[in-house]
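Visitor: I'd like to learn how to read a structure like this one. Could you walk me through it, feature by feature?

Guide: Happy to. Let's put it on the screen and start.

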Amino acid sequence: MAQFEALHPPLHTRPEPHLAASSSPSPLASAPRPAAHWHIGHEAHDLGAIFDPDISLAVMQRRIDAALKMAVKAQSSGAYPLRMRWRGPISDLREALERYLPAPDAGTALIEDIRVLGEAMGELFEVKDIGMRLEMTQSAMCPRFHVDRIPVRLVTTYDGPGTQWLPEHAADRLALGHGQPGHHDICLAPGEIHELRPGSLALLKGECWPGNEGRGLIHRSPVVPNGSRLMLSMDPG
């Protein structure tokens, strides 16, 4: 837990996010860009940037080590895809994972990683309970760009492509949901779609964060062309 003990909202330089591959030039390339509403770093305290009123995405980039990769791979050996939805005290998270994982004996590194993330969420948002979803899929769960009507959510991908998101200048919010007349395309420029790197930890601010109505991060699940994708999401409280 040492790497998460100093979570707070400092703001440092914001490196450019990883862009999803696209052959389509952006029609917005020559337009003036508003200030970035995301913060991307490599340290645990970078996640604290989510408390900045102007930030809707805070990312800590990290790599999946060999032990975690092996633990993740072991969970694909079950008769059914891993689809775990759980809500309860953070202190009970380890026991729940040991009970639900297809191969808990080979999943020690995965269980420990999720437990640490659960405790970090508890510290960061001062909660004792979390809602958790751990799913292995072979297709996009939420393929349409959307916003979450929650305060905040942590997401990470252990295997496969990461969550995709749009900056404000490349999105038409009037097209969200069923869309208003004349507004059909949420994404105004396919070349502006950003994709989180596998392993990165991301906090996505939703519509119910205080003072953030109409500004929740616009995102979607990626297409999974081959193989499968194992993703984790956590909601505080």
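Visitor: Let's begin with helix H3: how many of its 18 residues are buried?

Guide: Keep in mind that this is a predicted model. For H3, 13 of the 18 residues are buried, so the helix is mostly covered, given that buried means under 20% relative accessible area. The helix covers residues 108-125. From first C-alpha to last it reaches 26 Å, close to the 26 Å expected at 1.5 Å a residue.

Visitor: What follows H3?

Guide: Glu126, whose phi is positive, near 55°. Here's the general idea: most residues other than glycine have a negative phi. Glu126 has a positive phi although it is not a glycine. You'll find Glu126 in the loop between H3 and strand E4 (129-137).

Visitor: Is Glu126 buried or exposed?

Guide: Exposed, at 73% relative accessibility.

Visitor: How many helices and strands does the chain have?

Guide: There are 3 helices and 10 strands. Reading along the sequence, you get the pattern β-β-α-β-α-α-β-β-β-β-β-β-β. Of the 237 residues in the chain, 51% are buried. As for contacts between residues at least 6 apart in sequence, 78% join residues at least 24 apart.

Visitor: Now the strands. What is the order of the open sheet of 3 strands?

Guide: The order is E7-E6-E9, and the pairing is antiparallel. Strand E7 (194-195) and strand E9 (218-220) are at the edges with a single partner strand each, so one side of each is left without a neighbour in the sheet. Strand E6 (residues 164-166) pairs with E7 over 2 bridges. Gln164 stands opposite Glu195 in E7.

Visitor: Which strands pair with E5?

Guide: E5 pairs with strand E8 (residues 201-205) over 4 bridges, in the antiparallel sense. Another 5 bridges join E5 to strand E10 (residues 229-236), and these two run antiparallel as well. To find the register, look for opposite residues: Val155 has Ala202 as its bridge partner in E8, while Thr157 stands opposite Met231 in E10. Strand E5 (residues 152-159) is mostly covered, with 7 of its 8 residues buried.

Visitor: Where is Thr163 found?

Guide: In the loop between E5 and E6. Thr163 is buried, with a relative accessible area of 9%. Its side chain makes a polar contact of 3.3 Å with the side chain of Arg229. Leaving aside neighbours within four places in sequence, Thr163 is also in contact with other residues, including Val155, Thr157, His194, Glu195 and His219.

Visitor: How should I think about the nonpolar side chains?

Guide: In soluble globular proteins, nonpolar side chains tend to be buried together. In this model, the largest nonpolar core has 38 residues. Those touching the most other members are Ile114, Met132, Leu134, Tyr158, Leu203 and Met234. H3 supplies the largest share of this core, 7 residues. There's also a second, separate core of 11 residues, with Val147, Ala170, Ala175 and Cys187 among them.

Visitor: Which residues is Leu203 in contact with?

Guide: Setting aside neighbours within four places in sequence, the list includes Leu47, Ile50, Leu57, Met121, Leu124, Phe125, Val152 and Leu154.

Visitor: How many aromatic pairs does the structure hold?

Guide: It holds 4. A pair of aromatic rings is described by the distance of the centres and the angle of the planes. Take Phe51 and Trp209: their ring centres are 5.8 Å apart and their planes stand at 55°, so the pair is tilted. Phe51 lies in the loop between strand E1 (38-41) and strand E2 (57-60), and Trp209 in the loop between E8 and E9, so the pair ties together parts that are 158 residues apart in sequence.

Visitor: Which of those residues is buried, and which is partly exposed?

Guide: Trp209 counts as buried, at 14% relative accessibility. Phe51 is partly exposed, with a relative accessible area of 36%. Together with Phe125, the two form one aromatic cluster. You met Phe125 a moment ago, as one of the contacts of Leu203.

Terms used: Residues numbered from 1 in each chain as written. Predicted model: local features only at pLDDT ≥ 70, side-chain atom pairs only at ≥ 80, totals over all residues. Heavy atoms only, no water. Pairing = 2+ DSSP bridges. Expected span 1.5 Å × (residues − 1). Buried < 20%, exposed > 50% of the residue type's maximum accessible area, 1.4 Å probe, protein only. Polar contact = N/O pair within 3.5 Å; in protein donor to acceptor, adjacent residues only side chain to side chain. Contact = heavy atoms within 4.5 Å. Core = buried A, V, L, I, M, F, W, Y, C linked by side-chain atoms within 4.5 Å. Phe/Tyr/Trp six-rings, centres within 6.5 Å; stacked < 30°, edge-to-face > 60°.
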